Amino acid sequence: MAARPDPVDARAAPARAAGLAAAAAGAILYVRAQQGGAEPTAPAPAEPIPAVSAAPAPVLPADDITAVLAAEATQRTDTHADVADELMALVAEARVAWTPARAQAFDASVAELRTRIDRAEAGRPRQQAWRALTRYLQRAVVRDDVALAAGVPGGAP
């Protein structure tokens, strides 16, 4: 059985720590007095340390930054459109095995998603609409691939 600490000793710990600190301070004063009270000095550096200055940041005209940001948003939207086009090509290959009802439901969903893209504001809202179309096309391709691997005739249900 482990011995429990005495609560009286626990309350005395801060007083003991203060006593040790006072003893250490007294020892330091005694050593300094024996050395004649001379303060220890730090060695002087051999060479002065040069001040470090940061290079000034290049200043670009506001028009340049605005054009870069606008181009970046356009590039993102174009990338989403390119991905959707590639996925539509994959869907077209798989579509030949679909039933007419499945093809009609797919076309209706794609038309609705493209309408959302056309109505969305430029920038982030349009990118979100493109991502929704991309996710839908990815699911359609993957669903068809899984159905083909499982041997389901006519594509995925």
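## A viewer tour, starting at His80

Select His80 to begin: this residue sits in helix H2. Keep in mind as you click around that the model is predicted. Is His80 buried or exposed? Its relative accessibility is 18%, so His80 counts as buried, the cut-off being under 20%. Now add Arg126 to the selection and draw a C-alpha to C-alpha distance. The two residues are 46 apart in sequence, and the distance in space comes to 9.6 Å.

**Zoom out to the whole chain**

Switch to cartoon and colour by secondary structure. You should count four helices and zero strands. Going along the sequence, the pattern reads α-α-α-α. If you colour by burial instead, 18% of the 157 residues count as buried.

**Into the core**

Next, show side chains for Val91, Phe106, Leu133 and Leu137. These four touch the most other members of the largest nonpolar core, which has 20 residues. Which helices feed this core with at least two residues each? They are H2, helix H3 (100-119) and H4. The largest share is from H4, which brings eight residues.

**The H2 to H3 salt bridge**

Time for some charged pairs. Side chains of opposite charge can pair when their charged atoms come close. How many salt bridges does the structure hold? There are two. For one of them, select Asp107 and Arg95, whose side chains meet at 2.5 Å, N to O. This pair links distant parts of the chain, with Asp107 in helix H3 and Arg95 in helix H2, 12 residues apart. Turn on a surface and look at each partner. Asp107 has a relative accessible area of 36%, so this residue is partly exposed. Arg95 is partly exposed too, with a value of 27%.

**A salt bridge within H3**

Stay on helix H3 and select Glu112 and Arg116. Their side chains form a salt bridge as well, at 2.7 Å, N to O. Where do the two sit relative to each other along the helix? Because they are four residues apart in helix H3, about one helical turn separates them. Glu112 counts as partly exposed at 43% relative accessibility, and Arg116 is also partly exposed, at 46%.

**One step back to Thr115**

Now click on Thr115, another residue of helix H3. Its relative accessibility is 32%, so Thr115 counts as partly exposed. Add Ala129 and draw another C-alpha to C-alpha line: Thr115 and Ala129 are 14 residues apart in sequence and 9.3 Å apart in space.

**Two charged patches on the surface**

Keep the surface on and colour by charge. For the negative side, select Asp78, Asp82, Asp85 and Glu86, which gather in a surface patch of negative charge. Take Asp85 as your example from the patch: this residue belongs to helix H2, which covers residues 62-95. How open is Asp85? Its relative accessible area is 46%, so Asp85 is partly exposed.

For the positive side, which residues should you pick? Select Arg124, Arg131, Arg135, Arg139 and Arg143, which together form a positive surface patch. Zoom in on Arg143, a residue of helix H4, which runs over residues 124-150. Arg143 has a relative accessible area of 36%, which means that this residue is partly exposed.

**Before you close the viewer**

Try one last view with the two patches and the core together. Show Asp85 in H2, then Arg143 in H4, and bring back Val91, Phe106, Leu133 and Leu137 from the largest nonpolar core. Finish with the salt bridge between Asp107 and Arg95, then the one between Glu112 and Arg116.

Methods. Residues are numbered from 1 along each chain as its sequence is written. This is a predicted model: local features need pLDDT of at least 70, side-chain atom pairs count only at pLDDT 80 or more; totals for chains, interfaces and linings use all residues. Side-chain values use heavy atoms; hydrogens and water are left out. Patches are made of residues with over 30% relative accessible area and no salt bridge: like charges are joined within 9 Å, nonpolar side chains (Val, Leu, Ile, Met, Phe, Trp, Tyr) within 5 Å. Accessible areas come from the Shrake-Rupley method with a 1.4 Å probe; for residues, only the protein chains shown count as cover. A salt bridge is a side-chain nitrogen of Lys or Arg within 4 Å of a carboxyl oxygen of Asp or Glu. Lys and Arg count as positive and Asp and Glu as negative; His and the chain ends are not counted. The place of a charge is taken as NZ of Lys, CZ of Arg, CG of Asp or CD of Glu. Buried means under 20% relative accessible area, exposed over 50%, partly exposed in between (1.4 Å probe, protein chains only). A nonpolar core is a set of buried Ala, Val, Leu, Ile, Met, Phe, Trp, Tyr and Cys residues joined through side-chain atoms within 4.5 Å.
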